[in-house]
Every structure is written in C-alpha cells, then in structure tokens.
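Please open the model in a viewer and keep the sequence panel beside it. The tour proceeds by selections, each followed by what is to be found there.

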Amino acid sequence: MIEYLEKVLRKLFIIFILYGSYTAVVADTLATIGWIESVKILPENFKLDAKVDTGADNSSLDVINWMSFTHNRSEWIRFTTINNNGDEITFERPLEGYSLIKQKITGALKRPVVVMRLCIGKKSILAQINLAKRSNFKYRMLIGRSFLKGHFLVDSASRYTVQPECVFTP
C-alpha cells in the first residue's frame, strides 16, 4: 500500500512540475495588457481606447451609422466611428455576417460583423468585430475573449500598459 502511494505521489509531483513549466512557458509567450488599452485599427492607423473585457465573447465597435452596399458582387458595409479625441472616420469592409446578441429585456439583437486588423502593443491581429451602438459607454471599443485568446493575459489592476506600435504592410 505504501509503495502504491509513493508511486501516485511521484506521478503527481511529475505532473505538477510539468504543468508548472508549461504554464510558465505559456505566460512568457503571452503579452500582458491592462483592462483599458489604446488600440489602432489598421491599415487606417485610427487610434482609440478600448475596454478589455474577459467576460465578453466577442469584440465590438461603436458605430454612429452604417449602411450595407454591393461591391464586386458581395455585400459590404460602410460605417462611421469616433474616438475619444472626437476624431471621426468612415470604414468600408466586407460584411462577414451577423451575430445575435442576447438581451434580457428586448430579446436578441442582430449586429453586423466585419473583420478588422487591430494592433495592441506590438501585436497585429485580425479580429471579427461586431458593430454596435456603444455611445452610452465610456469606451467606444470592447475587446473580447476571442481576440485575447492565445495572444494576451489581462492584468485587471493595470491600464494603458502598451502603446500600439504596429506598422501595416499588406
């Protein structure tokens, strides 16, 4: 019985050591960011502040207005947003589809989804972004888990830990 327990403890110790090494390696490869960060949308180099929300599945961007149109026989969307400095910009992107956002009171909302290249720190990542009315919120952009996964760790006590330094090359 004692030999059996020693074997089990030895295996648990090895697993603990391997797991600890694995998490240390993973943590070393992920950039740590705060709960509020400056984000740059590429290739337009439009900078805005974003709330990093690990409770949100997806990222979203506040739009003032949007309109779908046909471009080369596919559906595109033109939308305008504004940053914290009051700078306004209009984007055009292919429409990827729609996401359904569940709400307790009004039921589900249908939001258009586009792909945008976002830069946080030195990392430039393609992300699906749903377009929403976020004008009532302090931050015009929300960064969700699908964007963070495999790239970032979030330090909830920090803000503005990095500046977007990416240079877009098509």
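Begin by selecting Cys119 and Cys166, which form a disulfide in this predicted model. Their sulfur atoms lie 2.2 Å apart, and the cut-off for a disulfide is a pair of cysteine sulfur atoms within 2.5 Å. By that rule the count comes to one disulfide. Which hand does the disulfide of Cys119 and Cys166 have? The torsion about the S-S bond is about 85°, so the disulfide is right-handed. Colour the chain around the pair next: Cys119 belongs to strand E8 (residues 107-120), while Cys166 sits in the segment after strand E11 (152-159). The bond therefore links distant parts of the chain, with the two cysteines 47 residues apart. Are Cys119 and Cys166 buried or exposed? Both are buried.

Stay on strand E8 and select Val114, which is found in this strand. Its relative accessible area is 0%, so Val114 is buried. Now add Gln128 to the selection and draw a distance between the C-alpha atoms. Val114 and Gln128 are 14 residues apart along the chain, and their C-alpha atoms are separated by 5.7 Å.

Gln128 leads on to the largest pocket. Strand E9 (123-132) is one of the elements giving two or more residues to the pocket lining, and strand E7 (97-103) is the other. Display the pocket as a surface: about 450 Å³ of space lies in it. Its lining consists of 20 residues. To find the centre, select Ser60, Ile101, Arg111, Arg134 and Leu142, which lie nearest to it. Which element gives the most to the lining of the largest pocket? Strand E7 does, with five residues. Colouring the lining residues by character separates them into seven nonpolar, five polar and eight charged.

Turn next to the open sheet of three strands. Its strand order is E4-E5-E6, and the pairing is antiparallel. Strands of a sheet pair through backbone hydrogen bonds, either parallel or antiparallel. Strand E4 (65-71) and strand E6 (88-94) are the edge strands of this sheet, each pairing on one side only. Neighbouring strands here are turned by 25° against each other on average, direction ignored.

Zoom in on E4 and strand E5 (residues 74-82). Seven bridges join these two antiparallel strands. Select Trp66 and look across to E5, where Phe79 stands opposite. Then follow the chain into the hairpin of E4 and E5, which has two residues between the strands. Asn72 in this hairpin takes a positive phi near 50°.

Finally, zoom out and show the whole chain as a cartoon. Its secondary structure comes to two helices and 11 strands. Read along the sequence, these elements follow the pattern α-β-β-β-β-β-β-β-β-β-β-α-β. Colouring by relative accessible area completes the tour: buried residues make up 36% of the 170 residues in the protein chain.

How values were computed: Residues are numbered from 1 along each chain as its sequence is written. This is a predicted model: local features need pLDDT of at least 70, side-chain atom pairs count only at pLDDT 80 or more; totals for chains, interfaces and linings use all residues. Side-chain values use heavy atoms; hydrogens and water are left out. On a 1 Å grid over the protein atoms alone, a cavity is a set of points where a 1.4 Å probe fits but cannot get out, and a pocket is an open set with protein on both sides within 12 Å along at least five of seven lines; lining residues have an atom within 4 Å of a point. Grid points are joined across faces, edges and corners, and a volume is the space filled by probe spheres set on the points. Helices (H or I, at least four residues) and strands (E, at least two) are DSSP runs, numbered from the N terminus. Ala, Val, Leu, Ile, Met, Phe, Trp, Tyr, Cys and Pro count as nonpolar, Asp, Glu, Lys and Arg as charged, and the others, Gly among them, as polar. Two strands pair if DSSP finds at least two bridges between them. Axes are lines fitted to C-alpha atoms, for helices over the stretch in contact, and angles run from 0 to 180 degrees between N-to-C directions. Buried means under 20% relative accessible area, exposed over 50%, partly exposed in between (1.4 Å probe, protein chains only).
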